[in-house]
Each structure stands twice: as C-alpha cells, then as structure tokens.
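Work through these exercises with the structure open beside you. Try each task before you read its solution.

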Amino acid sequence: MTGVRERVRRRWYTSTLWRWWNERWVRRMALKGMIWRTGNFAGTTWLGRPVWQNPLDAWALQEAIVHDGVDLVIECGTNRGGSAYYMASVFDLIGRGRVITIDVESLADFQHDRIEFLKGSSVDPELIAAVRARVDELAPSRTMVLLDSDHAGPHVLRELELYSEFVPIGGYVVVQDGCIDELAIMRDDRPGPLWALRQFIANDPNFEIDEARSGRYLLSHSPSGWLRRRS
Ligand SMILES: C[S@@+](CC[C@H](N)C(=O)[O-])C[C@H]1O[C@@H](n2cnc3c(N)ncnc32)[C@H](O)[C@@H]1O
C-alpha cells in the first residue's frame with residue numbers, strides 16, 4: 001500500500017499539471033505576497049548596503065558565478081550599487097572576478113576594488129565602446145551579463161542585442177524582472193523584460209532559455225530570464 005501511495009505521489013509531483021499549478025498560481029500568488037510585504041525588496045540589504053534584489057534571484061546569481069567559473073559580470077542598472085557589491089563580495093570570497101556596472105545616475109556612495117562604475121545609458125554607443133575596450137583589456141574567460149536597468153521592453157531588447165556579444169558559448173545573459181509581464185499589479189509597465197527576451201530569442205538562434213535555471217527557486221522575479229548562448 002505504501003509503495004502504491006509513493007508511486008502516486010511521485011507521479012503527481014512530476015506531472016505537467018503540478019508544474020503548471022506551481023508556475024501559474026503558487027508562484028504568482030507567493031510573489032505578490034513577497035512584493036507587498038517587502039515593498040518589492042526596496043529595503044533589502046547585503047552586508048548593510050541596499051540591494052534591490054529578490055534574495056532567491058541573488059542566490060541563483062551566486063551559484064552561477066561559482067559553478068560556471070564567471071570572472072566578469074557586466075551589469076546594466078547599478079542603482080545604489082547593491083547587486084554589484086553583492087557579486088563583488090562573492091568574487092572576494094572565491095578570489096577572482098570583476099564587476100562592470102552601468103547606470104545613468106551615480107547613486108552608489110562607495111568604491112570597491114572589484115567594481116568599475118560607468119555612468120551613462122546602457123544603450124549609448126560610446127558607452128558600449130568603453131565597455132568593449134575594458135573587456136578587451138581584462139580578457140575574461142567567462143563573462144555573465146545582468147540586465148537590471150530600465151525594464152521597458154524595447155530598452156531591454158536593445159540591451160540584449162548590444163550585450164549578447166560579450167557572452168561566450170555556454171555563458172548567460174540574465175534578464176531581470178520579467179514578472180512585470182506576468183503580474184497584474186505591474187501591468188502599467190508593460191511590455192517589459194519577458195516580452196523583450198521572447199522577441200530576442202525568436203530572432204537570435206544563438207541563445208536559448210534555460211528554464212531549469214530560471215525556475216530553480218520558483219519564486220523568481222525573472223521568469224525564463226536565464227538566456228544561455230548555445231553557439
Ligand atoms: C532596478 S534598479 C537597479 C538595481 C540594482 N541592480 C540592485 O540590484 O541593487 C534600476 C537602475 O537602472 C537605472 N537606469 C534606468 N535607465 C537606464 C539606462 N538607460 N541605462 C543605464 N541605467 C539605467 C536607474 O537609474 C536605476 O538605478
């Protein structure tokens with residue numbers, strides 16, 4: 001009897017219906033609850049500094065940096081520098097790596113040996129040229145790109161077109177905050193990042209969505225947000 005019950009349970013927890021239920025309802029309901037409770041993580045901190053990240057998404061970044069051997073992160077959207085500081089802390093612990101972070105504003109009030117702050121629009125050709133020159137100097141073995149600036153769909157799509165060149169085969173562009181396109185409470189900001197990444201994937205066969213990574217912790221702000229370069 002126990003064996004039968006175990007088999008039924010296993011079938012249910014691996015079924016398409018269970019997955020759909022989790023993605024469509026559990027995830028969205030829980031995410032809304034987390035967003036209301038935390039003010040969309042506006043007051044979240046890392047070692048005392050504000051970091052505007054869902055902690056489960058931050059954890060997934062840490063895992064990827066360590067597991068994939070990432071030694072350069074190019075981040076669009078510095079804000080107060082929290083996510084750059086978080087990733088630089090991870091790099092400190094593993095003894096390698098740098099962060100280049102870009103923002104139209106200078107809101108970060110600190111310096112860090114592993115972080116280079118660039119001021120300007122992430123889609124400005126001069127800024128892109130500066131990033132390219134710096135990447136050439138650093139000659140990283142594995143770059144990861146993190147898109148967390150203006151979340152308007154057309155802007156994110158342009159960033160994807162511009163920054164995908166920095167990602168090596170097997171590497172990732174992480175498109176943050178696609179939940180804008182899913183949650184009714186964010187409908188005023190659409191089309192957002194999820195729209196953009198779907199447009200990009202449809203036109204660039206070199207990239208594919210890594211759903212396993214994107215959905216690893218279920219309650220992510222970035223559905224389908226991990227784009228892997230396959231060629
Ligand atoms: C969501 S915040 C970034 C949060 C930060 N990554 C963190 O986790 O702490 C978005 C930032 O993008 C910046 N931004 C908006 N438009 C931009 C653009 N065109 N280029 C670069 N940064 C931009 C804003 O000034 C804002 O600071």
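The exercises below cover pockets, strand pairing and the ligand in this predicted model.

**Exercise 1. The largest pocket**

Task: Find the volume of the largest pocket, then describe its lining.

Solution:
- Step 1. Start with the space. The largest pocket holds about 700 Å³.
- Step 2. Go to its centre. The pocket has 38 lining residues, and W52, D148, S149, H151 and D177 are the closest to the centre.
- Step 3. Look for elements that give two or more residues to this lining. They are helix 4 (82–94) and strand 4 (98–103).
- Step 4. Sort the lining by class. You get 18 polar, 12 nonpolar and eight charged residues.

**Exercise 2. The second largest pocket**

Task: Which element gives the largest share of the lining of the second largest pocket?

Solution:
- Step 1. Locate the pocket. The second largest pocket has a volume of about 440 Å³. Of its 21 lining residues, R19, E23, E211, G215 and L218 lie closest to the centre.
- Step 2. List the candidates. Helix 2 (16–38), helix 7 (193–203) and helix 8 (211–214) each supply at least two lining residues.
- Step 3. Pick the winner. Helix 2 gives the largest share, with eight residues.
- Step 4. Check the classes. This lining has nine charged, six polar and six nonpolar residues.

**Exercise 3. Partners of strand 9**

Task: How does strand 7 run relative to strand 9, parallel or antiparallel? Do the same for strand 8.

Solution:
- Step 1. Take strand 7 (residues 172–175). Three bridges join strand 7 to strand 9 (residues 226–229), and the two run antiparallel.
- Step 2. Find a facing pair. V174 stands opposite W226 of strand 9.
- Step 3. Take strand 8 (residues 207–209). Strand 8 is also joined to strand 9 by three bridges, again antiparallel.
- Step 4. Find a facing pair here too. E208 stands opposite R228 of strand 9.

**Exercise 4. Around the ligand**

Task: Which residues come nearest to the ligand? Then trace polar contacts and state how much of the ligand is buried.

Solution:
- Step 1. Survey the surroundings. There are 20 residues around the ligand, and G77, S83, D103, S122 and D148 come nearest.
- Step 2. Start with the backbone. An N or O backbone atom of G77 is 2.7 Å from a ligand nitrogen atom.
- Step 3. Turn to side chains. An N or O atom in the D148 side chain lies 2.8 Å from a nitrogen atom of the ligand. For N79, a side-chain N or O atom lies 3.0 Å from a ligand oxygen atom.
- Step 4. Finish with the area. Taken alone, the ligand exposes 610 Å², and the protein buries 88% of that.

Terms used: Residues are numbered from 1 along each chain as its sequence is written. This is a predicted model: local features need pLDDT of at least 70, side-chain atom pairs count only at pLDDT 80 or more; totals for chains, interfaces and linings use all residues. Side-chain values use heavy atoms; hydrogens and water are left out. On a 1 Å grid over the protein atoms alone, a cavity is a set of points where a 1.4 Å probe fits but cannot get out, and a pocket is an open set with protein on both sides within 12 Å along at least five of seven lines; lining residues have an atom within 4 Å of a point. Grid points are joined across faces, edges and corners, and a volume is the space filled by probe spheres set on the points. Helices (H or I, at least four residues) and strands (E, at least two) are DSSP runs, numbered from the N terminus. Ala, Val, Leu, Ile, Met, Phe, Trp, Tyr, Cys and Pro count as nonpolar, Asp, Glu, Lys and Arg as charged, and the others, Gly among them, as polar. Two strands pair if DSSP finds at least two bridges between them. A residue is near a molecule or strand if one of its heavy atoms lies within 4 Å of it. A polar contact is a pair of N or O atoms within 3.5 Å; within protein, one must be able to donate a hydrogen and the other to accept it, and residues adjacent in sequence count only if both atoms are side-chain atoms. Accessible areas come from the Shrake-Rupley method with a 1.4 Å probe; for residues, only the protein chains shown count as cover.
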